[in-house]
Amino acid sequence: MANGKGGKPSKEAKAAAKAAKRQASRERRSQLWQAFNMQRKEDKLLLPLMIGSILVFALAFFLVGLVFGIPWFLLPIGIVLGVLVAFIIFGRRVQGSVYRKAEGQAGAAAWALENMQGQWRVQNAVAGTTQLDAVHRVIGRPGVILVAEGAPQRVKSLLAQEKKKTARLVGDTPIYDVVIGNDEGQVKLKELQRYLNKLPRNIDTKRMDTIESRLSALGARGGPAMPKGPLPGGGKMRGGMQRTIRRR
């Protein structure tokens, strides 16, 4: 970036930064509008729920305003809150649609793990089969979590083998195992992130670093190539097989 006197950005650099910011903002709005249109066509309840939330909040605040003699003052506040709730409804219904499309597809659990928020170390496909069954490893404050997806009769043995290998290296660190599915004892794909976030915090970040270093040797051999992900609603599987996600 070109700098002016005193190391300050030049006028050209400032203009370029503003232009880039405006372009990024336009792209975000365009993506949001496309997502809205796609969801609206598939979800007939989306618009009624969004409009209903705005009307309910607007009416509620207007009525409260009538009681206190300030209806036109509270009405805009109700509208703004209604719009915020409408966006929350939109986001949740889009998320639900994405998970419904992803469910049952190879790589769906890997995709969900890669999109987790928080301080998690994710390594996809540390073990797998040629039928695209896979075990993914997650290191977090709870300890080590092994997440399996695929045919239950096959992933059960995969989990047992990987858990045995992992236990040799992590000592008394808790190891959890999860099988993705809708049967009893399994965790639904859409509930995976919530399930992991509810696990107890057993270790600190320093211990996480130590465990990650010890387990890196296990990941060196890799597993069978995983698909690029279920591509639900435009979702993408990140190319890196291992990354650390840190909350900003």
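Contact here means heavy atoms within 4.5 Å. This is a predicted model, in which local features need pLDDT of at least 70, side-chain atom pairs count only at pLDDT 80 or more, and totals for chains, interfaces and linings use all residues. Residues are numbered from 1 along each chain as its sequence is written, and side-chain values use heavy atoms, with hydrogens and water left out.

**Stop 1: the whole chain**

Show the whole chain as a cartoon. There are 7 helices and 5 strands. These elements are DSSP runs numbered from the N terminus: helices are H or I with at least four residues, strands are E with at least two. Along the sequence their order is α-α-α-α-β-β-β-α-β-α-α-β.

Now switch on the surface. The chain exposes about 15,200 Å², and carbon and sulfur atoms supply 58% of that area. Areas come from the Shrake-Rupley method with a 1.4 Å probe; for residues, only the protein chains shown count as cover. Of the 248 residues, 37% are buried. Buried means under 20% relative accessible area, exposed means over 50%, and partly exposed lies in between. Among contacts with a separation of 6 or more, 65% join residues 24 or more positions apart.

**Stop 2: L192 and the largest core**

Select L192. Leave out residues up to four places away in sequence, and L192 touches A109, A112, L113, V147, V178, I180 and V187. Next, widen the selection to the largest nonpolar core, which has 22 residues. A nonpolar core is a set of buried Ala, Val, Leu, Ile, Met, Phe, Trp, Tyr and Cys residues joined through side-chain atoms within 4.5 Å. L113, I145, V147, L192 and L196 touch the most other members. Elements giving two or more residues to this core are α3, α4 (108–114), β1, β3, β4 (175–179) and α6 (192–198). The largest share, 5 residues, comes from α4. Apart from this core lies another, of 17 residues; V126, V135, I175 and I203 are among them.

**Stop 3: strand β2**

Select residues 134–140, strand β2. Why is β2 largely enclosed by the rest of the structure? 7 of its 7 residues are buried, so the rest of the structure largely encloses it. Show the side chains. In a regular strand, side chains alternate between the two faces of the sheet. Here A134, H136, V138 and G140 point one way, V135, R137 and I139 point the other way, and all are buried.

Add strand β1, residues 120–128. β1 and β2 pair in the antiparallel sense over 5 bridges; two strands pair if DSSP finds at least two bridges between them. Look for R121, whose bridge partner in β2 is I139. The two strands form a hairpin with 5 residues between them. In that turn, check L132: its phi is positive, about 70 degrees.

Then add strand β3, residues 143–149. Its pairing with β2 is antiparallel too, over 7 bridges. R137 has L146 in β3 as its bridge partner. The hairpin from β2 to β3 runs through 2 residues.

**Stop 4: helix α1**

Select residues 11–42. Helix α1 has 32 residues and reaches 47 Å from its first C-alpha to its last, close to the expected 46 Å. The expected span is 1.5 Å times one less than the number of residues. Colour A13, F36, N37 and Q39, which are buried. Their cover includes α2 (46–68) and α3 (71–102).

Zoom in on Q39. At 5% relative accessibility, Q39 counts as buried. Beyond residues up to four places away in sequence, Q39 touches L46, F90, R93, V94 and S97.

Move to W33 and F36. The structure holds 3 aromatic pairs. Rings of Phe, Tyr and Trp (its six-membered ring) pair if their centres lie within 6.5 Å; planes under 30 degrees apart count as stacked, over 60 as edge-to-face and the rest as tilted. The W33 and F36 ring centres are 5.6 Å apart with planes at 25 degrees, so this pair is stacked. Is each ring buried or exposed? W33 is exposed at 53% relative accessible area, whereas F36 is buried at 17%. Add F90: ring pairs link W33, F36 and F90 into a cluster.

**Stop 5: helix α3**

Finish with α3. This helix has 32 residues and reaches 46 Å from its first C-alpha to its last, close to the 46 Å expected. Its buried residues include G78, G82, F90, S97 and Y99. Around the buried residues of α3, show α1, α2, α4 and α6, the helices that they pack against.

Methods: Buried means under 20% relative accessible area, exposed over 50%, partly exposed in between (1.4 Å probe, protein chains only).
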